[in-house]
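User: Please take a close look at one part of this model: the place where the two chains meet. I would like one connected account that I can follow with the structure open.

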Amino acid sequence: MQPDRQQQQQGIDVAVLVSIGRHPTTGRARRAEQDARGLELALAMEAELPGTRISVLHAGPQADDSESALRGYLGMGLESMTLLEQPAGSDAILSLVEHLAATAPQLVITGARAERGEGSGLLPYALAEHLGWPLVNSLASVEKVENGVVTLLQALPRGQRRRLKVRLPAIISVDEAAPVARQSAFGPARRATFAITPTTPEADSELAQWHLAPARKRPKRLKIVKAASARDRFKAAAKSEGKGGQVLADVTPEQGAEAIYKLLKEEDVLR
Amino acid sequence: MSEIIRRDPRREWIARNRLHPEYAAVLAALGVNRGGGAVSEWLGPNGVVRKDPRAIGFIGPNGVKRIDRSGLQQGGQATAASTAARDSRRTVTIDQPAFLVAVVPDLTGGRLSGHDKDLLGLARRVADADAEQPGAVVAILFGEHKGEGDGELKEQTLGEAGIDRVVHLDDEFYAGFSPEARLAALSAVEREMTPRFWLLPDSPLGGADLGRRLSLRLGERAATGVWQIEADHESPLGWRCTARGGAGSLDIQRPLPRVALVLAECAEPVDETRHAAEHLTLAASIPTTLSRIEDLGQVAVDPAGVALAEAEFILSGGNGVKQWDAFHHAAKVLGATEGASRVAVDDGFMARDRQVGATGTWVTARVYMAVGISGAIQHLQGIQRCDKVVAINLDPGCDIIKRADLAVIGDSTQILAALVAMVEQQRGGQRDAA
Ligand SMILES: Cc1cc2nc3c(=O)[nH]c(=O)nc-3n(C[C@H](O)[C@H](O)[C@H](O)COP(=O)(O)OP(=O)(O)OC[C@H]3O[C@@H](n4cnc5c(N)ncnc54)[C@H](O)[C@@H]3O)c2cc1C
């Protein structure tokens, strides 16, 4: 009885949005790091909740080098993916919103930022705003899916984790905190197929007006000492003097421990 | 009185002779002793500037005369002068701002982070660009603000960071991960004040997420990863920005939109002025939204599994730790990540990857607790970026004490044991209550 009901509730539709990555040193097209992690997350969900259906989506042109990059995702164990065909330089958001609204998956997984183009990381937020779905960023893992509510672990800075419950349908975005993607197998990648859907794209005219250049090195911040006198300048250059905190001498261990305890409480590091 | 300057050669002679028994009285009579010290420079009767080299300087602590040519006189009357020097910030109040620049700092752990201060520096640049029509920086703070000290001082840190107006929202539904509630609050601010710019830190702690949500809600295409802005008359809002794009591989130059997410070190923090940090309240109440995201709170992660470089709370042991079992137990009870000095590692008490310092890991903890560590320079280098340092040491003269915000002089074993007992007792009490 129990497992039966679970079987019915478990499987959900997951859409994974993937983009074309850029190798950081060679600049060659590859599968994007974060998107691959997103797909890995979906594949892990599929293994855990039988009946989960994964559909992989990419909006972009059909070209040779992008195809080989996209096959990198297919080689992770997929039979096909959907390509929303649009010329390069078009706005991907509208066609994705249209497609997602029509196919209505329960969970959409995206990478946090693209590795090419603007890479502003606005896309998941734009989808959430257009579709009116809740969004959770920086996902570490999906714990369980139950009654249309998904329990997630969100990665916080400093290696911390936070547990969240989100009503489906929802969008989750993945960054470096999620588990590393598995390798892509060449043979299955070659055999997999693309389902090509034409779209009615709109050109991204704003981006075309901006000036894009290879990143310059950012200037290093100088330590500016605004001192009224030579003495202050010398002091600042010679040594950063300690602020001189509170020193408790001649106290019993209990008193010392109490002072430390108070500071730890104030800083909110004791859990 | 007559205009003629009358001289008394005898008095002048005494005034020049420091050893004369009447020296002090004569100086007082001549009125040279204004403001505590003798006047070292005056206009002589013939219109020539006269100098008294003996009036310069002060008597140092050992009775030796010292001359400080830096312009900052030390010694007797130094206290008043140095407090004045410290209080050199110009107070600026902007009563009738021409426009508003809204800033939403992260306020990590209740304090303005370095990133927040850089962001406020940028906001000030935008607000103060036109001296005729200055704008005001309004900060929207979520959650508790701790600051250094309390009361007046706390407000002062906000003012000194460059904030003119504060909207402080610390209801409990803004705590934790509450993007929907925060977004509703920011939308209310937008409706009421319509700031010209919204600036947020592009930091994973919250600004990056909240800022993107806000920009979509306002229908703006935010500039993200902004690290430079320049005035530009051709842009609609008068500014142009340079932003990082394409996973850090591109620089994008574009007109500055209304919403911008900026990187750390985008501008110098404010350090010359002090602003009013006047509190505002929103006239309309903020509509409460039904959140579809429920925060179940932070999950206990194994502190030993957290990388030392990014651990938040480190308990670090050195040569002064005598009982390592008790030390490991303390780390467990406190929920701290363990660190060590080189001596502790060399002696085999701790693993090599736990070493903090020049040849180990450079840590960034918010609280770093150094137990029985003397604070050698190689060790102190590694903890430069820690916020609060607590030291437990037998020796009140060692270098870690100078660096520490709180130092307890005493035996490490006893103090750690007392601390563990206290924490366990407190936890036990809470559990009983719950
Ligand atoms: C090239 C080079 C690189 C180095 N790199 C590093 C590095 O990366 N990291 C590093 O840590 N060191 C480094 N060192 C070593 C460094 O110079 C010091 O030797 C080392 O940090 C000292 O460790 P300590 O403070 O634990 O020991 P000690 O200097 O022996 O200090 C022990 C302290 O414990 C106190 N104490 C003793 N008994 C007790 C007690 N019962 N209760 C409380 N307190 C007690 C003492 O008062 C003393 O202050 C480096 C050295 C060199 C030459």
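Analyst: Between chain A and chain B, 31 residue pairs are in polar contact, both residues being at pLDDT 80 or more. A polar contact is a pair of N or O atoms within 3.5 Å; within protein, one must be able to donate a hydrogen and the other to accept it, and residues adjacent in sequence count only if both atoms are side-chain atoms. On the side of chain A that touches chain B, helix 9 (residues 253–267) of chain A gives the most, with 13 residues. The residues of that side divide into 35 nonpolar, 16 polar and 29 charged. Here Ala, Val, Leu, Ile, Met, Phe, Trp, Tyr, Cys and Pro count as nonpolar, Asp, Glu, Lys and Arg as charged, and the others, Gly among them, as polar.

This is a predicted model: local features need pLDDT of at least 70, side-chain atom pairs count only at pLDDT 80 or more, and totals for chains, interfaces and linings use all residues. Residues are numbered from 1 along each chain as its sequence is written, chains are lettered from A and ligands numbered from 1 in the order in which they are written, and side-chain values use heavy atoms, with hydrogens and water left out.

Now the extent of the interface. In chain A, 80 residues are in contact with 85 residues of chain B; contact means heavy atoms within 4.5 Å. The size of an interface is often given as the accessible area lost when the parts come together. Between chain A and chain B, the buried area is about 7400 Å², and carbon and sulfur atoms give 55% of that area. Buried area is the accessible area (1.4 Å probe) that two parts lose on being put together, summed over both. A:Arg158, A:Arg218 and A:Arg221 supply 12% of what chain A buries against chain B, more than any other three residues.

Next, the strands. Helices (H or I, at least four residues) and strands (E, at least two) are DSSP runs, numbered from the N terminus. Strand 10 (residues 161–167) of chain A is joined by five bridges to strand 16 (residues 293–299) of chain B, and the two run antiparallel. Two strands pair if DSSP finds at least two bridges between them. A:Lys165 has B:Glu294 as its bridge partner in strand 16 of chain B. For A:Arg162, the partner in that strand is B:Gln298.

Strand 10 of chain A also pairs within its own chain. Seven bridges join it to strand 9 (residues 149–155) of chain A, again antiparallel. There A:Thr151 stands opposite A:Lys165. The hairpin of strands 9 and 10 has five residues between the strands, and A:Arg158 takes a positive phi near 65° in it. Side chains alternate along strand 10 of chain A. A:Arg162, A:Leu164 and A:Val166 point to one face and are buried. A:Arg161, A:Arg163, A:Lys165 and A:Arg167 point to the other face and are not buried. Buried means under 20% relative accessible area, exposed over 50%, partly exposed in between (1.4 Å probe, protein chains only).

Then the charges. Chain A and chain B share 10 salt bridges, and a search of the whole structure finds 35 over all chains. A salt bridge is a side-chain nitrogen of Lys or Arg within 4 Å of a carboxyl oxygen of Asp or Glu. One across the interface links B:Arg111 to A:Glu267, with the closest N and O atoms 3.3 Å apart. Another links A:Glu118 to B:Arg254, where the closest N and O atoms are 3.8 Å apart. A:Glu118 lies in the loop between strand 6 (107–111) and helix 5 (123–131) of chain A and B:Arg254 in strand 12 (residues 250–255) of chain B, so this pair joins two chains. Both A:Glu118 and B:Arg254 are buried.

A salt bridge within chain B leads back to strand 16. B:Glu180 and B:Arg292 meet through their side chains at 3.5 Å, N to O. B:Glu180 is in helix 6 (residues 179–193) of chain B, and B:Arg292 is in the loop between strand 15 (278–280) and strand 16 of chain B, 112 residues apart. B:Glu180 is buried, at a relative accessible area of 16%. B:Arg292 is partly exposed, at 30%.

B:Asp346 and B:Arg352 form a further salt bridge, with the closest N and O atoms 3.1 Å apart. B:Asp346 is partly exposed at 44% relative accessible area, and B:Arg352 is exposed at 52%. Finally, salt bridges that share partners join A:Glu118, A:Asp204, A:Glu206, B:Arg221 and B:Arg254 into one network.
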